[in-house]
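Visitor: I'd like to learn how to read a protein model feature by feature. Could you walk me through one?

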Amino acid sequence: MKALVTGATGFVGGHLVDQLLTRGDTVTALVRSPARAPSLAKRGVILHHGDLSHHETLRAAVTGQDVVFHAAALTGAVDEAEFLSANRDGTANLARACVLAGGQQRFVLISSMAAGGPARRGAPRTEVGPDRPVTMYGRSKLAGEQVLRREPLDWTILRPPTVYGPRDRDNLLAIFRATRLGFAPVFGDGSMEISLIHVVDLASAIARAGTTSGLAGRLFYVNHPEIVTSADLVRAIGRSMGHEVRLLPVPEWIARGLLTISGTTAGLLRRKTILRADKANEFYQDAWTADPV
């Protein structure tokens with residue numbers, strides 16, 4: 001099978017490439033700078049120079065592919081417009097390129113649980129809405145889903161929760177670093193319920209979505225069925241590093257204040273950041289859980 005992967009140099013996209021190469025697919029990676037992806041080229045990945053704003057480049061990249069895996073996403077931005085430009089408009093451009101190239105490719109969009117919004121404690125979300133994203137990032141991911149749904153393509157949307165595993169540079173790395181000191185912060189009282197997925201399991205699910213029949217026009221939450229609390233997660237990370245961790249509860253007013261300062265400062269300096277005021281809307285919910293069945 002011939003597969004195009006966006007975000008191939010990232011955390012999830014990199015593991016997806018591993019899965020595709022292992023099963024013998026011919027993999028092309030859309031990369032903004034081939035010079036920054038030498039390890040992919042050494043493994044036989046075809047590097048296609050371009051980005052999600054270059055229409056002709058995208059059309060050339062998708063032509064002849066059997067499946068397009070869209071894993072690229074912006075997780076930190078200067079403002080909401082930048083989120084939308086990357087996560088909505090980038091998806092729209094890639095989907096439109098597929099249509100103009102004949103529309104025969106299967107299109108698998110790796111979205112996010114953030115697009116659906118939080119759940120209620122004891123009531124994991126399902127693919128049946130309503131969607132209520134609570135951050136700029138979540139709204140931009142939902143907008144990307146919506147533009148894809150309007151295209152005449154064989155599309156499938158996957159919504160993973162927090163992803164963990166090797167080569168993680170963002171999601172849980174800060175907690176691992178904190179636990180080395182024997183303590184780690186938790187938001188609120190640590191009772192927020194969380195769904196998780198290991199990156200290898202997620203990559204496997206994404207790869208299978210590109211070949212399994214009967215998935216066209218469907219949306220799936222992809223996560224482990226087990227539910228943990230935020231306090232459980234921090235303690236488990238501590239034990240994995242060989243010691244017990246003291247939890248430091250962070251009141252909501254403190255977190256919102258610090259995130260407001262961080263986001264405002266980044267905005268004034270025109271720097272991308274995930275630490276914005278609306279991030280507290282994620283941190284102080286009853287649950288971020290989903291039913292993967």
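Visitor: Let's start with charge. How far apart are the mean positions of the positive and negative charges of the protein?

Guide: The idea is to average the places of each kind of charge and compare the two points. In this predicted model, there are 34 positive and 27 negative charges, and their mean positions lie 4 Å apart.

Visitor: And the overall dimensions? What radius of gyration does the protein have?

Guide: You set the value against what a compact globule of that length would give. For 293 residues that would be near 19 Å, and the protein has 19 Å, so the two agree. If you prefer a box, the C-alpha atoms fill one of roughly 55 × 40 × 40 Å along the principal axes.

Visitor: How much of the protein counts as buried?

Guide: Here you look at relative accessible area, with buried meaning under 20%. By that cut-off, 47% of the 293 residues are buried. As for the surface, the protein exposes about 14000 Å², and carbon and sulfur atoms supply 54% of that area.

Visitor: What is the protein built from, in helices and strands?

Guide: Eleven helices and 13 strands. To see how the chain comes together, check the sequence separation of contacts: among those with a separation of 6 or more, 76% are between residues 24 or more positions apart.

Visitor: Now a single helix. Which residues of α3 are buried?

Guide: List the buried residues, then look down the helix axis. In α3, residues 55-62, they are Leu 58, Ala 61 and Val 62. Viewed down the axis, these fall within an arc of 85°, so they line one face of the helix. Their cover includes the strands β1 (2-6), β2 (26-31), β3 (46-49) and β4 (67-70), along with helix α4 (80-100). After α3 comes Gly 64, with a positive phi near 85°.

Visitor: Which residues are buried in α8, then?

Guide: In α8, residues 199-209, the buried set is Val 199, Leu 202, Ala 203, Ile 206, Ala 207 and Ala 209. Their arc spans 160°, so they too line one face of their helix. The buried residues of α8 pack against α1 (11-22) and a group of strands: β4, β5 (106-110), β6 (154-159), β7 and β9 (193-198).

Visitor: Backbone angles next. Where does Arg 167 lie?

Guide: In the loop between β7 (162-164) and α7 (173-179). When you scan phi values, check the residue type as well: Arg 167 has a positive phi of about 75° although it is not a glycine. With 44% relative accessibility, Arg 167 counts as partly exposed.

Visitor: Pro 34 is in a loop too, I think. Which residues is Pro 34 in contact with, leaving aside neighbours within four places in sequence?

Guide: Leu 47 and His 49. Pro 34 sits in the loop between β2 and α2 (38-42). The C-alpha atoms of Pro 34 and Leu 47 are 6.3 Å apart, although 13 residues separate them along the chain. Pro 34 is partly exposed, at 34% relative accessible area.

Visitor: One last residue: is Glu 282 buried or exposed?

Guide: Compare its relative accessible area with the cut-off: Glu 282 has 14%, so it is buried. Glu 282 belongs to helix α11, residues 280-283. Apart from neighbours within four places in sequence, Glu 282 is in contact with Ala 114, Val 134, Thr 135, Met 192 and Trp 288.

How values were computed: Residues are numbered from 1 along each chain as its sequence is written. This is a predicted model: local features need pLDDT of at least 70, side-chain atom pairs count only at pLDDT 80 or more; totals for chains, interfaces and linings use all residues. Side-chain values use heavy atoms; hydrogens and water are left out. Helices (H or I, at least four residues) and strands (E, at least two) are DSSP runs, numbered from the N terminus. The radius of gyration is taken over C-alpha atoms; the globule rule is 2.2 Å times the number of residues to the power 0.38. Buried means under 20% relative accessible area, exposed over 50%, partly exposed in between (1.4 Å probe, protein chains only). Contact means heavy atoms within 4.5 Å. Accessible areas come from the Shrake-Rupley method with a 1.4 Å probe; for residues, only the protein chains shown count as cover. Lys and Arg count as positive and Asp and Glu as negative; His and the chain ends are not counted. The place of a charge is taken as NZ of Lys, CZ of Arg, CG of Asp or CD of Glu. The arc is that of the directions from the helix axis to the C-beta atoms.
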